[in-house]
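Visitor: I am new to this structure and would like to be led through it step by step. Could you show it to me, so that I can ask about a few of its residues?

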Amino acid sequence: MKQPSPTMDASRFVVLADFVPGIIQEIRYHSTYNFVGDRIDGYEEPCALLTRDAARALKGVAAEMAARGLRLKVFDAYRPARAVKHFVLWGIEDLDLRMKPFFYPDLEKTDLFNLGYIAKQSAHSRGSTVDLTLLDMATGKELDMGSRFDFFGEISHPSYHGITDEQFDNRMVLRNAMVRNGFAPIDCEWWHFTLEDEPYPETYFDFPVSARYLGR
Ligand SMILES: C[C@@H](N)C(=O)N[C@H](C)C(=O)O
Ligand SMILES: [Zn+2]
């Protein structure tokens, strides 16, 4: 049988919802409510896929959070290389500023890449990176993190102190649990984490975001 090329080989990936029961998903790049304003290339289904290792680590985070009455809510996980290409092409389209008021009101599109908010080759494509927040099971609402997911600006830096103590503490609850379970944060986005011991540190995958592709 013909083997898939390395970047199309999803054999060590899982459907996150199968692995972490109760996880909430709002896959923004499958919808039009994202900084581009369109569904992003490669997002065939509104589901989160991750490597088995990353999903296992995230299960540990979910268990810790459940004990505090919180659930994980995932916005993005594995991101195909073709989706990153879509972002890059959008980035050079000067006239398309439809979503600027909502996601990058104070920045130029080129800044989004130069300042590290959007990668031209993303860790997400290696399959062990996730964008997420926390949801309070009692209220059904997201914890207030001081800025919305994919709001590009200083206010989204995890170390930013111009937010309330409660907002800052909420970021730290998420960040500390992720770090305890083996994930590394980045400096400019409170929601973005990569498994430190990721199984594919050099491979950028390009199969679609689709449970069906994984045989489900
Ligand atoms: C675009 C945003 N959600 C994100 O994931 N940014 C990082 C830097 C990335 O593109 O890898
Ligand atoms: Zn991310």
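Visitor: In which strand does Asp-131 lie?
Guide: This is a predicted model, so the answer is read from predicted coordinates. The strand that holds Asp-131 covers residues 129-136, and its label is E5.

Visitor: Is Asp-131 buried or exposed?
Guide: A residue counts as buried when its relative accessible area is under 20%. For Asp-131 the relative accessibility is 2%, and therefore Asp-131 counts as buried.

Visitor: With the side chain of which residue does the side chain of Asp-131 make a polar contact?
Guide: Leaving aside neighbours within four places in sequence, Asp-131 is in contact with several residues, including Tyr-29, Lys-73, Arg-79, His-124, Trp-191 and His-192. A polar contact between side chains, at 3.1 Å, links Asp-131 to one of these, namely His-124.

Visitor: Which residue has a side chain joined to that of His-192 by a polar contact?
Guide: His-192 has its place in strand E8, which runs over residues 192-195, and at 9% relative accessibility His-192 counts as buried. Not counting residues up to four places away in sequence, His-192 touches Thr-129, Val-130, Asp-131 and Ala-184, among others. The side-chain polar contact, with a distance of 3.2 Å, joins His-192 to His-124.

Visitor: Which residues does UniProt list for "binding site", and why can they be said to gather at one spot?
Guide: The UniProt entry, which is unreviewed, lists His-124, Asp-131 and His-192 under that term. Although these residues span 69 residues in sequence, they gather at one spot, because no two of their C-alpha atoms are more than 9.4 Å apart. The lining of the largest pocket includes the listed residues His-124, Asp-131 and His-192.

Visitor: Which residues come nearest to ligand 1?
Guide: There are 14 residues around ligand 1. Those that come nearest are Tyr-29, Arg-79, Tyr-117, Ser-122 and Asp-150.

Visitor: How much of the area that ligand 1 exposes when taken alone does the protein bury?
Guide: A nitrogen atom of ligand 1 is 2.7 Å from an N or O atom in the side chain of Asp-150, and a backbone N or O atom of Tyr-117 lies 2.9 Å from a nitrogen atom of the ligand. In addition, an N or O atom in the side chain of His-192 is 3.4 Å from an oxygen atom of ligand 1. Taken alone, ligand 1 exposes 320 Å², and of that area the protein buries 96%.

Note on methods:
Residues numbered from 1 in each chain as written. Chains lettered and ligands numbered in written order. Predicted model: local features only at pLDDT ≥ 70, side-chain atom pairs only at ≥ 80, totals over all residues. Heavy atoms only, no water. UniProt positions renumbered as here; feature names shortened; annotations may be inferred. 1 Å grid on protein atoms, 1.4 Å probe; cavity = no way out; pocket = protein on both sides within 12 Å on 5 of 7 lines; lining within 4 Å. Helix = DSSP H or I, 4+ residues; strand = E, 2+ residues; numbered from the N terminus. Buried < 20%, exposed > 50% of the residue type's maximum accessible area, 1.4 Å probe, protein only. Contact = heavy atoms within 4.5 Å. Polar contact = N/O pair within 3.5 Å; in protein donor to acceptor, adjacent residues only side chain to side chain. Near = heavy atom within 4 Å. Areas by Shrake-Rupley, 256 points an atom, 1.4 Å probe, with all protein chains shown as cover.
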